[in-house]
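User: Could you take a close look at one helix pair in this model for me, and then walk me through a few buried residues elsewhere in the chain? Keep it casual, but keep the numbers in.

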Amino acid sequence: MVKVFNAAEVAKHNTQESCWVILYGKVYDVTDFLSEHPGGAKIILKLSGKDATEEYDPIHPPGILEENLKPEACLGTVDPATLPKPEANAASAPEKEDDFPPMEALLNMDDLEQLATKKVSKKAWAYYFSAADDKITKHFNTQVYRSILLRPRVFIDCTRCELDISVLGHKLGLPIYVSPAAMARLGHPDGEAGIAEACRSFGAMQIISNNASMTPEQIVENAAPDQVFGWQLYVQTDRKKSEAQLARINKLKAIKFIVLTLDAPVPGKREDDERGNAAAAAAAGGGGESGVGRQLFQGTDPTLTWQKTLPWLAQHTDLPIILKGLQTHEDAYIASLHGPQVKGIILSNHGGRALDTAPPAVHTLLEIRKYCPEVFDKLDVWVDGGIRRGTDIVKALCLGAKAVGIGRPALWGLGAGGTAGVKRTLQILADETATCMRLLGVERVDELGPQHINTRMVEQQIYDGPSGLDSLRTSFRAKL
């Protein structure tokens with residue numbers, strides 16, 4: 001017979017020696033799990049003795065409880081009549097859906113972000129908006145595109161415009177993909193599956209975050225037969241966990257490649273996120289000094305190297321590898337030497353969330369063009385960070401990027417309107433990209449090139465030291 005607890009009885013178990021929580025109406029003894037929790041014990045202890053469902057549900061994929069707790073950890077259920085009633089506060093009551101503009105009235109990424117900011121929780125806003133330190137790199141990611149000028153041609157028939165591309169042998173409807181942005185259900189219950197549905201409508205590619213709030217199986221469940229997904233990997237200190245994840249991903253036919261993320265071996269200092277989490281903890285009557293982002297990095301292995309990690313990865317998956325987070329031409333060049341296992345690279349600074357004042361992807365694109373342009377022939381080169389307009393997408397494509405990723409815009413779209421908001425995000429960017437191409441006199445994405453842009457203002461900011469490639473070649477040959 002299932003035991004039914006009074007909430008007051010559960011509340012007494014709020015210490016490290018006896019820690020109970022209520023989740024989905026059930027009472028769990030998580031005392032033994034405190035030392036094993038990837039996010040640390042403090043996160044659980046601040047919710048000990050309480051109903052943690054509201055905090056837990058948007059962050060954790062279904063099935064995590066069953067995977068990490070023994071069956072006997074479920075002690076019974078809680079009498080819902082004994083749970084504290086939420087306090088009514090008319091001053092802070094959420095606006096009704098009718099008070100918000102319809103999706104078609106939102107014309108750009110700023111409109112979507114502003115609406116999402118009104119709708120999502122403070123915790124979600126802080127996690128999505130935050131970036132490292134003074135957010136210089138986050139802002140520069142966008143500003144740098146404003147310093148590149150377009151060179152429109154005239155007297156060209158611009159009736160047709162085709163946005164389809166091919167990456168890793170897979171045809172896509174757009175040169176735009178959704179970057180591996182974590183914790184989508186913090187912003188809307190549709191979560192990553194809602195993003196997948198939106199991508200399906202446009203033939204766009206989606207990279208699933210290692211820290212997604214839904215399981216990979218849930219996300220790809222309703223995928224179109226030709227829909228393309230990648231899966232992001234943060235290698236764990238406990239390698240067996242990563243190996244189990246890879247074994248699970250290898251079974252999903254919709255996932256075509258692995259994205260090994262390298263630009264955040266340790267978490268950056270995201271002050272908005274940390275303030276937001278501390279404020280939420282204080283409001284709940286607990287303590288907390290780290291944000292969602294820092295919690296997610298618990299257990300991530302900072303010891304990855306070219307020599308050890310890629311061979312290890314080859315033992316556990318035959319899927320193509322995309323290296324994410326390259327920020328110099330030297331690393332792009334080294335990556336090009338690791339074919340055929342490494343099929344592509346993503347030039348990224350983690351959305352400005354890792355190292356502040358790191359270069360934007362545009363700088364790295366220009367570095368590669370200057371020092372080792374052969375990289376573009378050997379690898380797929382994708383970019384992300386700072387994309388707010390279709391003109392930004394076109395400029396990146398002109399510089400040699402094969403595909404362009406959006407992270408925050410997809411999350412803001414989700415927060416603004418769920419799946420419909422992500423569709424609106426992709427529609428706006430697709431329309432702006434097509435308009436830009438038409439006004440440049442370009443019919444197909446593969447026709448875009450440096451002749452369509454003027455980068456003189458940006459070029460003065462590009463690294464101008466020795467290439468270092470000779471020593472890299474010598475070192476690589478010596479290891480063969």
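Analyst: Let's start with the helix pair. Helix α14, residues 329-336, and helix α20, residues 469-479, have axes that come within 11 Å of each other and cross at roughly 30°. Angles under 35 degrees count as roughly parallel, so α14 runs roughly parallel to α20. As for handedness, α14 and α20 make a right-handed crossing. Keep in mind that this is a predicted model.

Now for who touches whom. On the α14 side you'll find His329, Glu330, Tyr333 and Ile334, and they meet Leu469, Leu472 and Arg473 of α20. By type, the residues of this contact between α14 and α20 split into four nonpolar, one polar and two charged.

On to the single residues, beginning with histidine 363. Histidine 363 sits in helix α15, which spans residues 361-371. Its relative accessibility is 9%, and the cut-off for buried is under 20%, so histidine 363 counts as buried. Its side chain still has a polar partner: a polar contact of 3.2 Å links it to the side chain of glutamine 461. Gln461 also turns up among the contacts of histidine 363, alongside Phe140, Val144, Val458 and Ile462, once neighbours within four places in sequence are set aside.

Asparagine 210 gives you a loop case. You'll find asparagine 210 in the loop between β9 (205-208) and α9 (216-220). Loop or not, asparagine 210 has 13% relative accessibility and therefore goes down as buried too. Here the polar partner is a backbone atom: a polar atom of the asparagine 210 side chain lies 2.7 Å from the backbone nitrogen of tyrosine 234. Skipping residues up to four places away in sequence, asparagine 210 touches Trp231, Gln232, Leu233, Tyr234 and Gln245.

Last one: glycine 390. Glycine 390 belongs to helix α17, residues 390-398. With a relative accessible area of 0%, glycine 390 is buried. Beyond the neighbours within four places in sequence, glycine 390 is in contact with Leu429, Glu432 and Thr433. If you want a distance to check in your viewer, try glycine 390 to histidine 170: C-alpha to C-alpha, they are 22 Å apart in space, with their positions 220 residues apart in sequence.

Methods
Residues numbered from 1 in each chain as written. Predicted model: local features only at pLDDT ≥ 70, side-chain atom pairs only at ≥ 80, totals over all residues. Heavy atoms only, no water. Axes fitted to C-alpha atoms, helices over the stretch in contact; angles between N-to-C directions. Helix = DSSP H or I, 4+ residues; strand = E, 2+ residues; numbered from the N terminus. Parallel < 35°, antiparallel > 145°, perpendicular 65-115°, else oblique. Left-handed = near helix turned anticlockwise from the far one by under 90°. Contact = heavy atoms within 4.5 Å. Nonpolar A, V, L, I, M, F, W, Y, C, P; charged D, E, K, R; others polar. Buried < 20%, exposed > 50% of the residue type's maximum accessible area, 1.4 Å probe, protein only. Polar contact = N/O pair within 3.5 Å; in protein donor to acceptor, adjacent residues only side chain to side chain.
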